[in-house]
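Thanks for coming. I have one structure to go through today, so please have a look at it first.

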Amino acid sequence: MKVTALAGGVGGAKLAIGLARALPAEDLTIVVNTGDDAVVYGVHVSPDVDIVTYWLAGVADVDRGWGIKDDTFTLVGWLRKLDLEAWFSLGDRDYATCLVRTSRLRDGATLSEATDEVRRRLGVAIKVIPMSDDPVRTSFVTADGRTLEFQEYFVKERHEPEVAEVMLNGIDDAKPAPGVMDAIASADTVVVCPSNPVVSIGPIVALAGVRDALRDHPHVVAVSPIVRGAALKGPADRLLATVGVEVSAAGVAGLYSDFVDVFVFDRVDEHHRDEIESAGVTAVPLDTIMDNANASEQLARGILSL
Ligand code: GDP
Ligand code: CA
């Protein structure tokens, strides 16, 4: 059974490790959002791609959710000492990953080639594909009229500002990376991970051809990142409200209903089942809280049995 998963950062990474435990490596492909990418301290940071890769490699700091476990922060510490406004915490090992990526890009490699080299060196047998080799850069217009780049909003301002508009800059000119369309078309099951629907899944689905490919696919299964009417972490709930979507599993089901066949939502939201089904998807309640790798695997196996 071949499976392709669409993922952002932590929510995607958690389900990816479950799928990795449930499937042979050659049958699994993870397509990852790059709308959060940025150049920081001279290197190309690709946060979601790295989170997914680090989790699959077993080197992630799973408590913090980003970065590498036991990493040190000597570089950022010294930058701060030198008075650079170093608000983006990037561990030393994490920086090295980004430096390798940047130097490969400078040599003419594509982002997907560089990503493939990094994941192989980290011993990850599962294919991890950035959604596009072309730049897509998510930014935000705040309610007080400022434009913030993704990391300024997310990290510098700790996703506190009220957002009036989400912009996916470059999306109209970006093509899916090599392998993305084929990974979707050739999969027996496409899994939409419980990632941020607006800024993680949104950019992937907005790439030319992807939404249509998902609509044409007979078996797309999405997992709700919204449980009990809230995000488990991060601003997904507030960003859904910004784009006019009800902040509930049913709201996400409605947002995805044109390209998703089966919608998995948490058992605690069982009372929303009818509302979810009225969006036109098959609603399946499962335990979706992935507190540890066993929970991830159990959810993955539940999805694969649908
Ligand atoms: P980011 O890029 O690290 O912000 O992460 P993602 O875009 O992948 O996902 C953020 C979303 O993942 C949030 O809305 C969370 O509610 C959701 N999420 C995180 N962990 C879990 C989990 O264990 N279960 C479910 N259902 N959702 C989760
Ligand atoms: Ca992210």
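I will take the metal site, then the sheet, then two pairs of helices.

Before that, a caution: what you see is a predicted model.

Start with the calcium ion, ligand 2. Which protein atoms act as its donors? They are an OD atom of Asp36 and two entries for OD of Asp48, at 2.1 to 2.7 Å from the ion. The two residues sit in distant parts of the chain, twelve residues apart. Aspartate 36 belongs to the loop between strand S2 (28–32) and strand S3 (38–40), while aspartate 48 is in helix H2, residues 47–57. Are these aspartates buried or exposed? Both aspartate 36 and aspartate 48 are buried.

Next, the sheet. It is an open one of three strands, ordered S7-S6-S8, with antiparallel pairing. The edges are taken by strand S7 (147–149) and strand S8 (163–169). Each of those has a single partner strand, so one side of each has no neighbour in the sheet. From one strand to the next, the twist averages 25°.

Looking at one of the pairings, strand S6, residues 137–142, is joined to S7 by three bridges in the antiparallel sense. Within it, serine 139 is placed opposite glutamate 149 of S7. There is also a helix here: H8, residues 197–206, lies across S6 and S8, and its direction is at about 40° to S8.

Now the helix pairs. Helix H4 (residues 92–106) and helix H5 (residues 111–121) have axes that come within 9 Å and cross at roughly 140°. At that angle, H4 counts as oblique to H5. The crossing is right-handed. On the H4 side, the contact is made by Thr97, Val100, Arg101, Arg104 and Leu105; H5 supplies Leu111, Ala114, Glu117, Val118 and Arg121.

The other pair is helix H1 (residues 10–22) with helix H13 (residues 293–304). At what angle do their axes cross? The value is roughly 70°, and the axes come within 7 Å. That makes H1 roughly perpendicular to H13. H1 also passes H13 in a right-handed crossing. Residues of H1 in this contact include Lys14, Leu15, Ile17 and Gly18, and among those they meet in H13 are Ala293, Asn294, Ser296 and Glu297.

That is the set. I can put any of these regions back on the screen.

Definitions and conventions. Residues are numbered from 1 along each chain as its sequence is written. Chains are lettered from A and ligands numbered from 1 in the order in which they are written. This is a predicted model: local features need pLDDT of at least 70, side-chain atom pairs count only at pLDDT 80 or more; totals for chains, interfaces and linings use all residues. Side-chain values use heavy atoms; hydrogens and water are left out. Donors are N, O and S atoms within 2.8 Å of the metal (3.2 Å for Na, K and Ca); water is not among the atoms, so sites may look incomplete. Helices (H or I, at least four residues) and strands (E, at least two) are DSSP runs, numbered from the N terminus. Buried means under 20% relative accessible area, exposed over 50%, partly exposed in between (1.4 Å probe, protein chains only). Two strands pair if DSSP finds at least two bridges between them. Axes are lines fitted to C-alpha atoms, for helices over the stretch in contact, and angles run from 0 to 180 degrees between N-to-C directions. Contact means heavy atoms within 4.5 Å. Angles under 35 degrees count as roughly parallel, over 145 as roughly antiparallel, 65 to 115 as roughly perpendicular and the rest as oblique. A crossing is left-handed if the near helix is turned anticlockwise from the far one by less than a right angle, and right-handed if clockwise.
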